[in-house]
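Me: I am new to this structure, and I would like to learn how to read its features one at a time. Could you take me through it slowly?

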Amino acid sequence: MPGPWPEAVPGMASGGSRDSATAGYRGRFAPSPTGPLHAGSLVAALASWLDARAHAGRWLVRIEDVDLPRCPPGQDEVILGQLARCGLVPDEPPWWQSRRSADYRAARDRLLQDGRAYPCGCTRSEIEAVLAGRGRVTPAGHEMVYPGTCRDGLEGRAPRATRLRVRDCLTRWVDRRLGPQEQDVALAVGDFVLHRADGLAAYQLAVVVDDSAQGITHVVRGVDLADNTPRQIQLQQALGLPRPSYLHTPLVLAADGQKLSKQNGAQALDLQDPVAALQAAGQVLGLAPMAAGSLAEWLSQAVRSWAGIIASFDPRTTA
Ligand SMILES: [Zn+2]
């Protein structure tokens, strides 16, 4: 996939703090191209870029279009153009998840072979019925906890999805900003879907397979994705893959206090003045106010400010 992205971008990569330099740092920004970037997704993009630069590392972009029918054509190029306008240019050609389904299927098949995953023949309404029969109510906005119906076999039903056999124990990890975290995945979501009934890889599987295939060492993303981390860690363990370090950033909130999204009125970014847009994103991340100058000046000041922020994290939690 040829593109205008050079193998390496000189300049900024060497501007990072020596103290926080991490050999082989590879980070990524992984937008879903369901629409253009908005103020919230720019925060995630900027945070991941700043962290890569502050560690003198490499920054990649991965287009998470595994659910291609939900992604209007051309939005990927719109996003890449918006990033470039903000001076955020990936160090390697972007990846598109829609081109990676063979690798996701291979990972699924390996898990099935190893007995770490199993086929599930349940429809959504069947799962709801089992949960209702056990008196379990799923609160609005929460995922249904899979009741384990197909754990011991399909009993003659046709396979639909593939589920991970979740370990029944606390999954613990340390977030660089939030500190020690834990979740009982079995209690929170149960055996979750890796490969969907429509033949597409589920989000968790695609992310874990790609983070490993791209050699990602540091995941920096919005805190709304923090509760996916334990599922991804269980999946990394099941596949024998390394665990990256995690940093979950604050979110831009909409007027209603919810995460900013297209559904609650996030406007497409106005990039007439990219420095102003970056300034607003930087504020969410706690960057010190910076004199507005050129884009390049703003970005290099921001890297220094970010290096100070991450240096202030509790050293015990710094990966
Ligand atoms: Zn099932």
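Reply: What follows goes from the overall make-up to single residues, and then to the way helices pack. Please keep in mind that this is a predicted model.

Me: How many helices and strands are there in the protein, and what percentage of its residues is buried?

Reply: The protein has 9 helices and 10 strands, and of its 319 residues, 37% are buried. If one takes the contacts between residues at least 6 apart in sequence, 79% of them join residues at least 24 apart.

Me: How do I read the surroundings of a single residue, and is Phe29, for instance, buried or exposed?

Reply: A residue counts as buried if 20 or more other C-beta atoms lie within 10 Å of its own. Phe29, which lies in strand S1 (residues 26-29), has 26 other C-beta atoms within 10 Å and is therefore buried. Leaving aside residues up to four places away in sequence, Phe29 touches Ala44, Ala45, Ser48, Trp49 and Val61. One of these, Ser48, is 19 residues apart from Phe29 along the chain, with 6.2 Å between the two C-alpha atoms.

Me: Which residues of helix H2 are buried, and which are exposed on the other side?

Reply: The general idea is that an α-helix has 3.6 residues a turn, so residues three or four places apart point the same way. In helix H2 (residues 75-85), the buried residues are Asp76, Ile79, Leu80, Gln82 and Leu83. They are on the same side of H2, because the arc they cover around the axis is only 160 degrees. Glu77 and Gly81, on the other side of H2, are exposed. The buried residues of H2 pack against helix H1 (39-54), strand S2 (58-63) and strand S3 (95-96). After H2 comes Gly87, with a positive phi near 80 degrees.

Me: Where do residues other than glycine have a positive phi, Ala56 being one of them?

Reply: Most residues other than glycine have a negative phi. Ala56 nevertheless has a positive phi, near 50 degrees, and its place is in the loop between H1 and S2. With 19 other C-beta atoms within 10 Å, Ala56 is partly exposed. Glu155 also has a positive phi, near 50 degrees, and is found in the loop between helix H4 (124-133) and strand S5 (161-164). Glu155 is exposed, since 8 other C-beta atoms lie within 10 Å.

Me: How should I read the angle between two helices, and at roughly what angle do H8 and H9 cross?

Reply: Angles under 35 degrees count as roughly parallel, and those from 65 to 115 as roughly perpendicular. Helix H8 (residues 274-284) and helix H9 (residues 295-311) have axes that come within 10 Å and cross at roughly 15 degrees, so these two helices are roughly parallel to each other. The crossing in which H8 passes H9 is left-handed. On the H8 side the contact involves Pro274, Val275, Leu278 and Gly282, which meet Leu295, Trp298 and Ala302 in H9. Sorted by class, this contact of H8 with H9 has 6 nonpolar residues, 1 polar residue and no charged ones.

Me: Which helix is roughly perpendicular to H8, and which residues make that contact?

Reply: That helix is H1, whose axis comes within 9 Å of the axis of H8, with a crossing of roughly 75 degrees; H1 is therefore roughly perpendicular to H8. From H1 the contact takes Ala39, Leu42, Val43 and Leu46, and from H8 it takes Ala277, Leu278, Ala280, Ala281, Gly282 and Val284. Of the residues in this contact of H1 with H8, 9 are nonpolar, 1 is polar and none is charged.

Me: Gly282 has now been named in H8, so is Gly282 buried or exposed?

Reply: Gly282 is buried, with 25 other C-beta atoms within 10 Å. Not counting residues up to four places away in sequence, Gly282 touches Leu46, Leu287 and Ala302. The C-alpha atoms of Gly282 and Leu50 are separated by 10.0 Å, while the two residues are 232 residues apart along the chain.

Me: At roughly what angle do helix H3 and helix H6 cross?

Reply: The axes of helix H3 (residues 101-113) and helix H6 (residues 203-213) come within 10 Å and cross at roughly 105 degrees, so H3 and H6 are roughly perpendicular to each other. Asp103, Tyr104, Ala107 and Arg108 of H3 make the contact with Leu205, Ala206, Val209 and Ala213 of H6. By class, this contact of H3 with H6 has 6 nonpolar, no polar and 2 charged residues.

Terms used. Residues numbered from 1 in each chain as written. Predicted model: local features only at pLDDT ≥ 70, side-chain atom pairs only at ≥ 80, totals over all residues. Axes fitted to C-alpha atoms, helices over the stretch in contact; angles between N-to-C directions. Helix = DSSP H or I, 4+ residues; strand = E, 2+ residues; numbered from the N terminus. Parallel < 35°, antiparallel > 145°, perpendicular 65-115°, else oblique. Left-handed = near helix turned anticlockwise from the far one by under 90°. Contact = placed C-beta atoms within 7 Å. Nonpolar A, V, L, I, M, F, W, Y, C, P; charged D, E, K, R; others polar. Buried ≥ 20, exposed ≤ 12 C-beta atoms within 10 Å, placed from the backbone. Arc of directions from axis to C-beta.
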